[in-house]
Amino acid sequence: MGITTDFSTTVSKDTSGKNYHTELSLEIEKFLLTIIEKFGGVIGTIDLYCMYNRARGTDLISPEDLHVACTKLNQSSQKFMLKEYPSGVRTIQSRMFNEDSYFKKIAETLSANPGLTAFKLAAVMKVNEVLVKEHIQSAELKGYVCRDESHEGVRFYDNMFAKSF
């Protein structure tokens with residue numbers, strides 16, 4: 001994966017005591033600074049959990065510890081925020097993340113590759129399929145993309161109707 005992060009002084013429950021989650025949130029923020037742009041400014045907490053633990057090596061954290069640390073990060077960070085979608089999917093995103101720009105990127109990808117399924121769109125954009133489904137639903141509500149539902153499944157297209165006015 002090519003992640004180079006110095007965890008020679010990793011935060012642990014033994015050394016941090018009652019400040020564990022606060023210190024963990026600071027370490028996660030440092031980690032996010034090295035990876036967030038590779039994901040377009042937004043990353044699912046499941047992906048973050050896997051990548052962060054892979055970078056830590058053997059001193060792994062639990063999903064609950066990540067959740068608490070991300071909640072603290074949401075409150076204290078100037079750069080990142082926790083977002084939960086109606087479906088329950090949670091992401092960490094840059095506070096500079098612009099959904100409209102991201103939706104335009106989705107529409108441009110669909111313009112170049114019309115009729116993609118959510119799965120194929122995720123592969124083309126190199127992002128998590130669960131996040132693409134959340135974002136494409138929002139992009140559709142805002143008029144950036146439209147869908148075609150048939151016996152073959154759901155396929156998405158750039159919404160040319162919205163551009164013609």
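This report covers one buried residue, one cavity and one helix pair in a predicted model.

## Basis

The model is predicted; local features need pLDDT of at least 70, side-chain atom pairs count only at pLDDT 80 or more, and totals for chains, interfaces and linings use all residues. Residues are numbered from 1 along each chain as its sequence is written, and side-chain values use heavy atoms, without hydrogens and water.

## Q93

Q93 sits in strand β3 (residues 90-94). Strands are DSSP runs of E, at least two residues, and helices are runs of H or I, at least four, numbered from the N terminus. Q93 has a relative accessible area of 4%. That makes Q93 buried (under 20% relative accessible area, 1.4 Å probe, protein chains only).

Leaving out residues up to four places away in sequence, Q93 touches G41, V42, K79, F80, M81, K83 and Y85. Contact means heavy atoms within 4.5 Å.

## Helices α5 and α6

Helix α5 (residues 99-112) packs on helix α6 (residues 118-125) at about 105°, with the axes 11 Å apart. Axes are lines fitted to C-alpha atoms over the stretch in contact, and angles run from 0 to 180 degrees between N-to-C directions. The two helices α5 and α6 are therefore roughly perpendicular (65 to 115 degrees).

From α5, Y102, K105, I106, T109 and L110 meet L121, V124 and M125 of α6.

## Cavity lining

Strand β1 (residues 42-44) gives the most to the lining of the largest cavity, with 3 residues. Lining residues have an atom within 4 Å of a point on a 1 Å grid, where a cavity is a set of points that a 1.4 Å probe fits but cannot leave. Y102 is among the lining residues.

How values were computed
Buried < 20%, exposed > 50% of the residue type's maximum accessible area, 1.4 Å probe, protein only. 1 Å grid on protein atoms, 1.4 Å probe; cavity = no way out; pocket = protein on both sides within 12 Å on 5 of 7 lines; lining within 4 Å. Points joined across faces, edges and corners; volume = space filled by probe spheres on them. Parallel < 35°, antiparallel > 145°, perpendicular 65-115°, else oblique.
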